[in-house]
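Please open the model in your viewer and keep the sequence beside it, and then follow the stops below in order.

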Amino acid sequence: MSVDLTEDERRGVRHGQPPVGGEPLTDDARLADNERRSLAEVPHPALAQGTSLYGSTKIFPDYQALDGESWLALVHGIAHESSVSFVAILQATRALRKGFETVLYFHGPGAMNTMATRGFPHTGESAFPGGQNINNQIETFIGEGGKVYVCRFGLSLHGLREEDIILGVIPAHPLDLQDCVTHYSRKGAIITSTFMF
C-alpha cells in the first residue's frame, strides 16, 4: 500500500494543514487522515511470516555430562518479576537432560518461585498466558529427576508457608546454602547464580 503525495501536500501535512486546495479538516478528519498516511509511510509487514531472522549455526559442541558431573543453579529472583529465574530453571532442565546431576536452590526472594499456591483467581490457574510457567517447569524438573531446595529463611522473609511449596521441593536450613555451594564446588560442579535485588 502506498500513497503518492505532491510536494505541496507533503509540506501541508508536515505543518498540520489540509492538502493544498482542500477544505479545512475537522480534528477527527485530520487524525483519520494522519493515521492513514502514517500507516502508508512504511510498507508492512516487511517480512513474511516464517522469514528467518537469525542464523542457526551452533558454535560449541553439544556437551553431555561426563560420569559424575554436577550442575548447581542458585536462584535469587522474584517469580514473574525476574524472567532470568525462569531461564535459570530452563537451563537447569537442559543440564539435567544432558546427564548432569542437577540441583536448583532457591533462596531469598527466589523462594517465591516454589509456591504451589500461585494462581488467580484459583490456585494453579493462569491469570495471564504463562502465569504457571515457573511452577510447571519446576514440576517437570523434579519429575525428570532433578533436585530442588528452597531456603526456609527465604520463605519466612515473604510470609510463605512451608506446607505450600511445590511437592518434591526440599526445605533447607538457612545455613545450608553456603554448605551446598561448598559441597558441589568440591564435587567440581558447574555452578550458576541468578541474582536479583
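Begin with the whole chain in cartoon view, where the protein chain shows 6 helices and 5 strands, helices (H or I, at least four residues) and strands (E, at least two) being DSSP runs numbered from the N terminus. Read from the N terminus on, the elements run α-α-β-α-β-α-β-α-β-α-β. This is a predicted model, in which local features need pLDDT of at least 70 and side-chain atom pairs count only at pLDDT 80 or more, while totals for chains, interfaces and linings use all residues. Residues are numbered from 1 along each chain as its sequence is written, and side-chain values use heavy atoms, with hydrogens and water left out.

Next, switch on the surface: the protein chain exposes about 12800 Å², of which carbon and sulfur atoms supply 56%, the accessible areas coming from the Shrake-Rupley method with a 1.4 Å probe and, for residues, with only the protein chains shown counting as cover. Of the 197 residues in the protein chain, 31% are buried, where buried means under 20% relative accessible area, exposed over 50%, and partly exposed in between (1.4 Å probe, protein chains only).

Now select Leu53, which sits in the loop between α2 (27–41) and β1 (70–76). Leu53 counts as exposed because its relative accessibility is 57%.

Then select Asn113, in the loop between β2 (101–106) and α4 (133–143). Is this residue, Asn113, buried or exposed? Asn113 counts as buried, because its relative accessibility is 0%. Its side chain reaches the backbone oxygen of Gly77 at 2.8 Å. Leaving aside neighbours within four places in sequence, Asn113 is in contact (heavy atoms within 4.5 Å) with several residues, including Val75, Ile78, Ser85, Phe106, Arg118 and Ile166. Two further partners to display with Asn113 are Ile134 and Ile138.

Those two residues lead into α4, where Ile134, Asn135, Gln137, Ile138 and Phe141 are buried. They cover an arc of only 170 degrees around the axis, which puts them on the same side of α4; the arc is that of the directions from the helix axis to the C-beta atoms. An α-helix has 3.6 residues a turn, so residues three or four places apart point the same way. Show the surrounding elements as well, since the buried residues of α4 pack against α3 (83–97), β2 and β3 (147–151). To finish, move past the end of the helix to Gly145, which follows α4 and has a positive phi, near 105 degrees.

Notes: Polar contact = N/O pair within 3.5 Å; in protein donor to acceptor, adjacent residues only side chain to side chain.
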